[in-house]
Amino acid sequence: MIKNIIAIILFFSVSLYCGEIEKYKNVNLKQLFDELNQRIEKVPEVKRLNESDLKNDPRYFLKLKDVDKKARTKLLELGFDIMEIKDGYITGLIPSDLIGNISEKEYSIIEKKSIYQWSSENKDFPAADSAYHNYKETYDVLKDIASNNSNMVSLFSIGKSYEGRDIWCLRINTTEKGTTPSKKPGALLVGNHHSREHLSNEMVLLFAVYLLENKNDTEIKKYIDNLDIYIIPMLNPDGVEYDIATGSYRYWRKNTNKFSGTKVIGTDLNRNYDFRWCKEGASTSQSADTYCGPNVFSEPESQRLRDFMSSNKNIKTALTYHSYASLVLYPWGGLDEQVSDEKDRNAFIKHAGEMAKILGYEAEQSSDLYVATGDMADWAYDKLKVFAWTIELEGNGFYPGSDIISKAFEKNKKAGLYLLSITDNPYK
Ligand SMILES: [Zn+2]
């Protein structure tokens with residue numbers, strides 16, 4: 001008995017000494033989903049710890065009568081962050097200092113509310129935010145699956161975010177580890193360019209867990225043996241943590257870069273890439289959610305992804321995840337025109353269609369709804385000839401609750417496998 005007690009005391013002392021008790025050991029999908037369900041049941045009510053934070057948020061929610069694509073593109077440039085385009089109307093957010101940009105002559109405003117008022121009435125407030133993985137929990141899962149599959153998995157940082165967080169990349173490759181180059185064709189999945197799109201982190205993270213849990217499945221084994229698979233679930237960790245820091249969501253989209261001489265923070269990372277930077281569909285106003293940054297690649301996070309992809313020229317295909325519109329998009333997003341190379345264009349269209357079919361989403365050229373310049377997929381194709389698709393996940397808001405995670409993943413894991421199936425030759 002005394003021996004047992006001593007053993008227990010020793011165990012906890014060692015655990016404390018080591019910093020913390022490991023959260024995950026041999027994590028698997030079932031465990032993660034069970035945990036999600038338990039968390040959902042345990043969340044008794046909407047948590048709103050620091051309402052003053054949203055009360056002081058200078059942004060407004062606007063509902064406008066729908067306009068054509070050119071006028072939508074202009075809205076983005078005026079600093080209006082489009083959230084939804086529905087039959088007959090558009091919704092989005094705009095900071096108070098830019099609201100004068102929306103002239104009543106050009107746009108008819110159906111509804112105008114402070115973000116605080118709008119979110120109070122909005123059903124998609126954080127009823128179950130704890131079900132999603134935050135930065136630390138995401139890292140814990142990655143660490144666990146890496147250490148349990150060390151023969152084929154390595155985990156490394158592609159560099160630091162603005163606030164100094166490591167941007168983690170999990171690599172699945174049976175022959176090369178860490179940042180050693182590989183000759184195998186590479187595929188990249190990346191989530192959370194935009195902070196509030198938490199479902200994107202889940203899809204990418206769960207895909208890594210899924211692949212490794214099923215590593216002996218014939219099809220998956222083939223991909224693992226023959227490909228170089230890179231998984232970056234959370235490109236914008238500062239923004240994600242900022243979005244959830246108060247216990248009530250902030251509807252935060254950008255990173256948290258603090259510019260001198262102003263109180264407003266953040267750049268839209270998906271307007272910061274070097275493809276027609278800060279032209280159509282991007283705002284030069286720092287307060288705008290579509291702010292393109294002071295220069296091209298001004299942001300640590302977009303620089304990290306640029307450097308990572310540029311130094312891994314074997315990467316052939318990529319999926320970049322956003323939410324929420326149930327779409328599979330292909331370049332160009334920053335140009336009205338189609339991709340000029342016929343073979344490439346056909347490959348983009350064909351595979352977008354196939355993935356959309358698997359997902360039950362729609363496939364379209366990214367600029368079909370509005371033009372938006374400086375995004376990752378355009379840059380990756382233009383500069384590196386990577387076939388990059390944007391998946392706009394499903395849901396009815398940025399915070400669609402937790403039960404959507406497993407449902408969305410059931411479909412998205414198949415779209416992920418589809419991407420792997422074409423990575424050796426995207427022209428097939
Ligand atoms: Zn997004």
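This is a guided tour of the structure above, stop by stop, with what to select and what is there.

**Before you start**

The model is predicted, and local features are described only at pLDDT of at least 70, side-chain atom pairs only at pLDDT 80 or more, while totals for chains, interfaces and linings use all residues. Residues are numbered from 1 along each chain as its sequence is written.

**The whole chain**

Select the chain and colour it by secondary structure, which comes to 13 helices and 12 strands; helices (H or I, at least four residues) and strands (E, at least two) are DSSP runs numbered from the N terminus. Of its 428 residues, 49% count as buried, where buried means that 20 or more other C-beta atoms lie within 10 Å of the residue's own, exposed means 12 or fewer, and partly exposed is in between, with C-beta atoms placed from the backbone. Among contacts in the chain with a separation of 6 or more, 76% are between residues 24 or more positions apart; two residues are in contact if their C-beta atoms, placed from the backbone, lie within 7 Å.

**The sheet**

Next, select the strands of the open sheet, in which 8 strands follow the order 5-6-8-7-9-12-10-11 with mixed pairing; two strands pair if DSSP finds at least two bridges between them. The edges are strand 5 (153–160) and strand 11 (362–365), each of which pairs on one side only. On average, neighbouring strands of this sheet are turned by 20° against each other, direction ignored; axes are lines fitted to C-alpha atoms, for helices over the stretch in contact, and angles run from 0 to 180 degrees between N-to-C directions.

At one edge, strand 5 runs antiparallel to strand 6 (residues 166–172), and 6 bridges join them; show Leu155 together with Leu170, its bridge partner in strand 6. At the other edge, strand 10 and strand 11 pair in the parallel sense over 4 bridges, and Val328 stands opposite Ala363 in strand 11. Within strand 10 (residues 327–330), Leu327 and Leu329 point one way while Val328 and Tyr330 point the other way, and all are buried.

**Two cis peptide bonds**

Now look at the loops on either side of strand 10. Ser323 and Tyr324 are joined by a cis peptide bond with omega about 5°, and Tyr324 is found in the loop between strand 9 and strand 10. The bond from Pro331 to Trp332 is also cis, with omega near 0°, and Trp332 is in the loop between strand 10 and helix 11. Most peptide bonds are trans, and most residues other than glycine have a negative phi.

**Positive phi values**

Asn192, in the loop between strand 7 and helix 7, has a positive phi near 55°, and it counts as buried because 32 C-beta neighbours lie inside 10 Å. Cys278, in the loop between helix 9 (237–244) and helix 10, likewise has a positive phi near 55°.

**Helix 12**

Select helix 12 (residues 376–384), which lies across strand 9 and strand 12 and runs at about 170° to strand 12. Its buried residues are Met376, Ala377, Asp378, Trp379, Ala380 and Tyr381, and these pack against helix 10 (300–310), strand 9 and strand 12.

**Helix 13 and its partners**

Finally, select helix 13 (residues 403–423) with helix 11 (residues 342–359), whose axes come within 8 Å and cross at roughly 155°. Helix 11 is therefore roughly antiparallel to helix 13, since angles over 145 degrees count as roughly antiparallel, under 35 as roughly parallel, 65 to 115 as roughly perpendicular and the rest as oblique. The contact is made by His351, Glu354, Met355, Ile358 and Leu359 of helix 11 and by Lys411, Asn412, Lys414, Ala415, Tyr418 and Ile422 of helix 13.

Then add helix 7 (residues 198–213), whose axis comes within 9 Å of that of helix 13 and crosses it at roughly 60°, so that the two helices are oblique to each other. On the helix 7 side the contact includes Leu199, Met203 and Phe207, and on the helix 13 side it includes Ile404, Ala408 and Asn412.
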